[in-house]
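Here are some notes for a first look at this structure. Please keep the model open while you go through the points.

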Amino acid sequence: MKKVLFFLLITYTSYGQIGGSPAVECDPFVKKELDTQGIEYSITKNGDFKIVRKVDNDRIQAVYIQSKPMSYKGIEVREIWSYARIYDTKSDLKESDIYMALSKNATYKFGAWQIGKDNTNAYFLNFSVRTASDAKGTTLKDIIDVVAMRGDEIEKELTNSDKY
């Protein structure tokens, strides 16, 4: 009986490290601001915030908020982004897609389209805003809404789908 209890205790305490969902740390400042604004979110496996916004009568768009701010010479910023398209390989990137999205950058008051590569070697096109890491209240909410709108706009134009 003692061996069974010991086994259960070891299994229970190590579940999070081995097979379960380990607790992921997210920025308490962002969490508080989202909660205060009544914005629903989930936490990604790397601790970022994922928010799904309704952008049209029949469309939604996922927006991500970087949990860990970036810092340069004492300035802290946080990235908020939304994907318009994810490409399996670099060769799937179309020059026309990139040109169309990047040519819009000069028309925006803030935020920009960018391409990048994730840790699975997939390439992406996303709309990104880098804002003060302590952006709060309606400022944060408005940025989330703009990012969702821009991401969905190009996703619809490029793919005519509602995947992201």
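1. Start at the largest cavity. Helix 2 and strand 7 each supply at least two residues of its lining. Bear in mind that this is a predicted model. The full lining consists of Phe29, Val30, Ile65, Arg78, Thr131, Ala132, Ser133, Ala135 and Leu140. The space inside is about 30 Å³. The count of cavities of 30 Å³ or more comes to 1.

2. Now take helix 2, which spans residues 28–37. Which of its residues are buried? They are Val30, Glu33 and Leu34. Seen down the helix axis, these buried residues fall within an arc of 95°, so they line one face of the helix. Pro28, Lys32 and Thr36 are exposed on the other side. Val30 also appears in the lining of the largest cavity.

3. What do the buried residues of helix 2 pack against? Their partners are strand 2 (49–54), strand 3 (60–65), strand 5 and helix 4 (137–159).

4. Look at both ends of helix 2. At the start, a side-chain oxygen of Asp27 comes to within 2.6 Å of the backbone nitrogen of Phe29. Phe29 is also one of the residues lining the largest cavity. After the helix comes Gly38, with a positive phi near 70°.

5. Gln37 belongs to helix 2. Is Gln37 buried or partly exposed? Its relative accessible area is 27%, so Gln37 counts as partly exposed. Leaving aside residues up to four places away in sequence, Gln37 touches Gly137, Thr138 and Lys141. Thr138 is 101 residues from Gln37 in sequence, yet their C-alpha atoms are 7.6 Å apart in space.

6. Turn to strand 7, residues 123–132. Of its 10 residues, 8 are buried, so the strand is largely enclosed by the rest of the structure. Thr131 and Ala132 are among the residues that line the largest cavity.

7. Strand 7 pairs with strand 5 (residues 75–87) in the antiparallel sense, over 10 bridges. Tyr123 of strand 7 is the bridge partner of Tyr87.

8. Strand 7 also pairs with strand 6 (residues 112–117), again in the antiparallel sense. Here there are 6 bridges. Tyr123 in strand 7 stands opposite Lys117, and Phe124 is the bridge partner of Gly116. Tyr123 therefore has a partner to check on each side: Tyr87 and Lys117.

9. Check the turn between strand 6 and strand 7. The hairpin has 5 residues between the strands, and Asn121 takes a positive phi near 70° there. Most residues other than glycine have a negative phi. Asn121 is not a glycine, but its phi is positive all the same. Its relative accessible area is 48%, so Asn121 is partly exposed.

10. Lys73 deserves a look as well. Where does Lys73 lie? Its place is the loop between strand 4 (70–72) and strand 5. Lys73 has a positive phi of about 50°, although it is not a glycine. With a relative accessible area of 72%, Lys73 is exposed.

Methods:
Residues are numbered from 1 along each chain as its sequence is written. This is a predicted model: local features need pLDDT of at least 70, side-chain atom pairs count only at pLDDT 80 or more; totals for chains, interfaces and linings use all residues. Side-chain values use heavy atoms; hydrogens and water are left out. Helices (H or I, at least four residues) and strands (E, at least two) are DSSP runs, numbered from the N terminus. Buried means under 20% relative accessible area, exposed over 50%, partly exposed in between (1.4 Å probe, protein chains only). Contact means heavy atoms within 4.5 Å. Two strands pair if DSSP finds at least two bridges between them. The arc is that of the directions from the helix axis to the C-beta atoms. A polar contact is a pair of N or O atoms within 3.5 Å; within protein, one must be able to donate a hydrogen and the other to accept it, and residues adjacent in sequence count only if both atoms are side-chain atoms. On a 1 Å grid over the protein atoms alone, a cavity is a set of points where a 1.4 Å probe fits but cannot get out, and a pocket is an open set with protein on both sides within 12 Å along at least five of seven lines; lining residues have an atom within 4 Å of a point. Grid points are joined across faces, edges and corners, and a volume is the space filled by probe spheres set on the points.
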